[in-house]
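Reader: Hello! I would like a close look at one part of this protein, with the cut-offs spelled out as we go.

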Amino acid sequence: MALANHTAILPRRAADGRYDLVVLANRLPVDHATDDDGRPCWRRSPGGLVTALHPIMKRRAGAWIGWHGRSGPAPTPFVHDGIHLHPIALTDDDVAGYYEGQSNATIWPLYHDAVEPPSFDRSWQEHYRAVNRRFAEAAARVAAPGALVWVHDYHLQLVPGMLRDLRPDLRIGFFLHIPFPPVELFCQMPMREEIMRGLLGADLVGFQHAQGTRNFRMLAADLAGAKVTDGGIWYEGRDVVAETFPISIDVAEQQRLAADPAVRARAAEIRRELGDPRTVMLAVDRLDYTKGIECRLRAYGELLAQGRLDPAETVMVQVAVPTRQQIDQYQALRERVEREVSRINGDHAGIGRVCVHYLHQSFDRAELAALYLAADVMAVTPLRDGMNLVAKEYAATRADGTGALVLSEFAGAAAELGEAWLVNPHDVDALKDAFADAAAADAAEQRRRMEPMRAHLRRHDVNAWATGFLNQLDRAPSGCASSASRARHVARAGDGARPHPVQCACRVGGSSSAEARGARSRTSHLAAGTRPIG
């Protein structure tokens, strides 16, 4: 499909017609849209990843490989907003098998602590392999010699290994945006060895949380036979580095939005539209079973029923962004959430006043910023989340230091935002206490908690995250491991560094040594109070 508002690929290509930096992600950084005259065009996606990488890719002659969002033939490569885009084609069967099936019905639930049971289907696995191969071959064609290639997320876990076979001269990085599961869960995956070999094709593998990094190192030893030492991972003659790089947000952009008079006026208008209640509670999630929406609504409803929150003075705004609506679990979740919202409003609302405003729709960044400014309490309570940038956006937007953030211990953000009201979202009573305490906190208590979080975010914004990862990848040896690299590894082993004695439960018939059991116990412990490196 020919779309307006882009140019042919001409500028900023490497000397031989290929690119010095190649990013691979399931989706391109643009969305289908229409212009003011009703013509089809591309519009830049609003995500933080795009914001962070855009200036870097322009400087380094970058290309982005991804799906354009519709089944059928791919558009020809084009340039949009200075980024060279190479669309990948997916058939209807690819969308059903690779995307809806293996990626989102198998890997997504499994990596999120199996909150919903994962489904396993051999035909999905075949589509996953085929599409990953398509991405790897596209990267092999467009990457310049010795280029940096950065592969993103759970959809493309086989790509690093496939690309390593095709182009051993490249420096390959992989970043997982969702949690990486503990050993016992990962070992349920029928493709477990294949996925580990795929990830170990990278020179640098990044995770949101130190817990995921530890899980990966353990599995590299057991499932792929890698030599895991204190100094790194030695696999098939190469050094592979696994580190923690918690992703962040564009703090400057959030602060700009917070200071925008139009946004501030909209925030005041929102509070008026809600009836000027004493307390506005806000939750912004994709409508996903990992986000803990049902537990949150149950806790809120019980607080109203017990009189701990006054329904005449408290309003919850639940934004539930539509996602994966064709998948059965998501359709059932929507029905349950809407039933619970109706029950709460039926029990506690008054004439002209509701207790829960439920919005099953998307909002642009300005409207979200206005909602953040209007909210006294921000509820970010997923059952499991790789990071959750909403928590960071809320803290960054509250320029006066007020606002109360209730944050799940099982969100990656909890490792950095330890001053929030941290809570176990599975514990409804603890959730109720956190909501009530946050709603009752005075401005001094809010500032005492909020200021350290805001200071941390200013130091660790999305630009620091992206440049930190790419700078480390840039230092990786180009091509196959040299004899010097091998000598360094041997020297480290000679200095007393030994491979970690890691075993996987699935490899030892359900039993393990005391040392392996201890390692797994340490891995599964939630270190919510530690700050990951990176």
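Reader: How many strands form the open sheet, in what order do they come, and what is the pairing? Please take me through strand β8 and what surrounds it.

Author: Happy to. First, the ground rules. This is a predicted model, in which local features need pLDDT of at least 70 and side-chain atom pairs count only at pLDDT 80 or more, while totals for chains, interfaces and linings use all residues. Residues are numbered from 1 along each chain as its sequence is written, and side-chain values use heavy atoms, with hydrogens and water left out.

Now the sheet. It is open and has 10 strands, in the order β5-β6-β4-β1-β7-β8-β9-β12-β11-β10, with mixed pairing. Helices (H or I, at least four residues) and strands (E, at least two) are DSSP runs numbered from the N terminus, and two strands pair if DSSP finds at least two bridges between them. At the edges stand β5 (78–80) and β10 (227–229); each has a single partner strand, so one side of each is left without a neighbour in the sheet. From one strand to the next the twist averages 25°; axes are lines fitted to C-alpha atoms, for helices over the stretch in contact, and angles run from 0 to 180 degrees between N-to-C directions.

On to β8 itself. It pairs with β7 in the parallel sense over 5 bridges, and V149 stands opposite I172 in β8. Towards β9, 3 bridges join β8 (residues 171–175) to β9 (residues 204–207), and these two strands also run parallel. In that pair, F174 stands opposite V205, and the bridge partner of G173 is L204.

How covered is the strand? In β8, 5 of its 5 residues are buried, where buried means under 20% relative accessible area, exposed over 50% and partly exposed in between (1.4 Å probe, protein chains only). R171, G173 and F175 point one way from β8, I172 and F174 the other way.

Next, the helices. β7, α4 and β8 make a right-handed β-α-β unit; a crossover is right-handed if, with the strands pointing away from the viewer, the path from the first strand over the helix to the second runs clockwise. Helix α4 (residues 159–166) lies across β1 (19–27), β7 (143–152), β8 and β12 (238–244), and runs at about 175° to β8. Helix α16 (residues 462–474) also packs on the sheet, touching β1, β7, β8, β9 and β12, and its direction makes about 135° with that of β7. Contact here means heavy atoms within 4.5 Å.

Finally, the nonpolar interior. A nonpolar core is a set of buried Ala, Val, Leu, Ile, Met, Phe, Trp, Tyr and Cys residues joined through side-chain atoms within 4.5 Å. The largest one has 104 residues, and L24, Y111, F180 and F216 have the most contacts inside it. Helix α3 (residues 122–142) supplies the largest share of this core, 8 residues. Leaving aside neighbours within four places in sequence, Y111 is in contact with Q157, L176, I178, P179, F180, P181, F186, M189, I195 and R384. Apart from that core lies another, of 69 residues, among them V50, W150, L274 and A466.
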